[in-house]
Amino acid sequence: MNGISVRTATLLALAVIILLAPVLFPSSFYYRVGALIFINGLAAMGLVVLVGYAGQVSLGHAGFSGIGAYACALGPVHLGLPPLVCVALGAAVSGLLAFLVGRPILRLKAHYLAVATLGLGILIYMVINNEGWLTGGPDGMTVPSLGVRSLLKGYGIKVTSSEMWYWISGVVLLAGAFVALNLHNSPAGRALRSLHDSEVAASTIGIDVARMKLTAFVISAVYASVAGSQVALMNRFVTPDVAGFMHSVELLTMTVLGGAASVLGAVVGATILTALPQVLTVFEDFEHVLLGLIMMLVMIFLREGLVPSLARRMRRSAP
Amino acid sequence: MTILEVEGLGIDFGGLTAVGGVSFGVGSGEIVSVIGPNGAGKTTLFNMISGIYRPSRGRIMLEGRDITGVASHKLAAMGMSRTFQNLMVFQQMTVLQNVMAGRHLTEGVHVLTDLLGLPGSWRRNRESEREAMRLLELVGLERGAWREASELSYGALKRLEIARALATQPKLLLLDEPAAGCNAVETQEIDGLISDIAGTGVSILLVEHDMKLVMKISGHVVVMDQGEKISEGRPEAVAHDPRVIEAYLGTEAEGAKEHASG
């Protein structure tokens with residue numbers, strides 16, 4: 001299968017899932033879970049570009065989600081900006097911060113890079129948590145509405161907030177997948193992916209390693225930021241936890257679990273890590289134990305992640 | 001005309017001299033080989049010329065320009081590319097994509113165009129694909145173009161690296177032991193391939209263990225031992241140089257001495 005058909009097939013599969021999943025929803029609560037999955041999937045897709053394509057690691061990407069979320073909380077109050085502009089502003093600030101911080105940080109390799117990005121994420125979290133006069137501190141703050149629902153009501157269309165966010169986040173996820181898939185087989189994408197296997201070889205064919213790493217870092221920061229903005233606008237409320245270390249780890253786990261270099265894998269990983277805790281509440285105390293066990297088993301037996309490993313098996317069993 | 005000029009090039013690692021001070025030149029369209037026993041400093045010399053190590057002393061001139069200490073990705077833009085002794089193929093790409101990656105300099109970096117999948121992105125992809133297929137035909141890998149690079153045999157991977165390096169359209173190609181680990185048939189194929197490439201006007205600097213390959217195709221041979229150049233000249237002259245024979249085989253007297261003391 002060549003690049004074009006993988007791209008089309010992935011986009012089609014995602015579109016069908018987004019369109020048909022509501023048929024199975026017993027209550028409107030599931031629209032909310034669906035929206036959360038799509039939003040997390042978007043952030044994980046950004047990490048596919050950074051981790052899966054370029055082979056760099058980040059333990060602080062929730063920090064960029066935090067910037068995106070608080071841009072939507074602070075922008076309307078302090079700058080009088082409409083929410084949509086705030087999403088763009090958050091993305092721009094995240095991208096700029098990634099650009100400025102990325103240059104010195106991305107010189108580091110493997111676990112040093114992991115610790116440096118971890119520090120960056122914690123720094124953003126601390127600023128949000130401690131500057132209570134601006135951000136409301138640990139109590140969080142309310143976020144103005146996107147205003148789409150009142151607009152729809154004007155046309156006589158009534159939807160619940162969860163339903164509306166299901167469709168918005170679904171469309172944004174599709175757009176994110178489109179961009180990430182375009183990149184995969186493009187000239188810039190090949191340059192990124194060459195870093196994954198050998199930085200030395202990449203440099204001898206003229207690839208500016210530092211510049212391409214920075215590009216991947218900025219792209220993934222923008223993805224995380226837009227995801228954070230969506231969470232804030234959907235919940236109409238935001239707390240510093242959106243930028244917390246645990247959320248960074250969750251995002252990275254979703255990416256690796258689904259298959260670090262797979263766009264579809266990001267959505268599969270997000271689905272498992274978002275939906276499973278809801279299902280596992282039946283087991284109460286054992287919820288985290290079971291989640292940890294599932295992750296360990298996948299990493300031991302399907303090391304490339306769910307989607308690439310299963311795709312390989314299917315290809316092998318096909319005649 | 002000289003394309004590469006190396007003058008008194010040397011490097012120390014923590015007080016230990018790996019390469020003392022080596023000088024030689026590569027003429028336009030010429031095949032020059034650097035030979036020597038294990039640990040002679042051949043690959044270290046290569047890493048200095050290709051910008052991976054920063055030399056402690058000496059100068060490297062490419063087409064009259066001083067390129068000492070210039071980063072390797074800039075050297076590629078100036079017309080120098082290389083292959084590696086221990087393969088550095090992009091394992092997660094197909095064979096074709098590996099060679100297409102070598103077209104990075106021609107393609108340029110247009111991130112936004114590529115992210116949005118605009119026509120410019122597709123056009124550059126098509127051009128790169130066409131050129132990459134041509135290079136794969138040149139090295140005889142066109143039939144495996146769509147396979148994962150990790151599925152290829154060792155000899156095929158060596159040829160893939162050559163194709164990827166050629167995709168940068170180099171004036172000077174550095175080949176680090178292209179025949180190492182290859183069987184007799186593969187060695188002969190690579191031998192012919194190197195001559196073909198030189199025939200298109202690309203100058204070649206070769207590090208090689210396989211003396212037969214070196215003697216057959218190179219116009220000029222530089223012999224290194226223990227970080228120093230010990231001989232230089234036409235292949236047949238070098239082969240009969242007593243210092244070269246000593247470096248490779250050891251002298252009888254030395255052998256006897258060792259015997260006596262042991």
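With its 262 residues, chain B would be expected to have a radius of gyration near 18 Å if it were a compact globule, and its value of 20 Å agrees. That radius is taken over C-alpha atoms, and the globule rule is 2.2 Å times the number of residues to the power 0.38. This is a predicted model, in which local features need pLDDT of at least 70 and side-chain atom pairs count only at pLDDT 80 or more, while totals for chains, interfaces and linings use all residues. Residues are numbered from 1 along each chain as its sequence is written, and chains are lettered from A and ligands numbered from 1 in the order in which they are written.

Let's look at chain B as a whole. Helices (H or I, at least four residues) and strands (E, at least two) are DSSP runs, numbered from the N terminus.

| Feature of chain B | Value |
|---|---|
| Helices | 12 helices |
| Strands | 10 strands |
| C-alpha box along the principal axes | roughly 75 × 40 × 35 Å |

Now to its partner. Two residues are in contact if their C-beta atoms, placed from the backbone, lie within 7 Å. In these terms, 34 residues of chain B are in contact with 24 residues of chain A. Among the elements of chain B that each supply at least two residues to this side are helix H2 (72-78), strand E6 (80-82) and helix H6 (119-139).

Finally, which residues does A:Val48 touch, not counting those up to four places away in sequence? Its contacts are A:Tyr53, A:Ala180, A:Thr255, A:Ala260, A:Ala261, A:Ser262, A:Val263 and A:Ala266.
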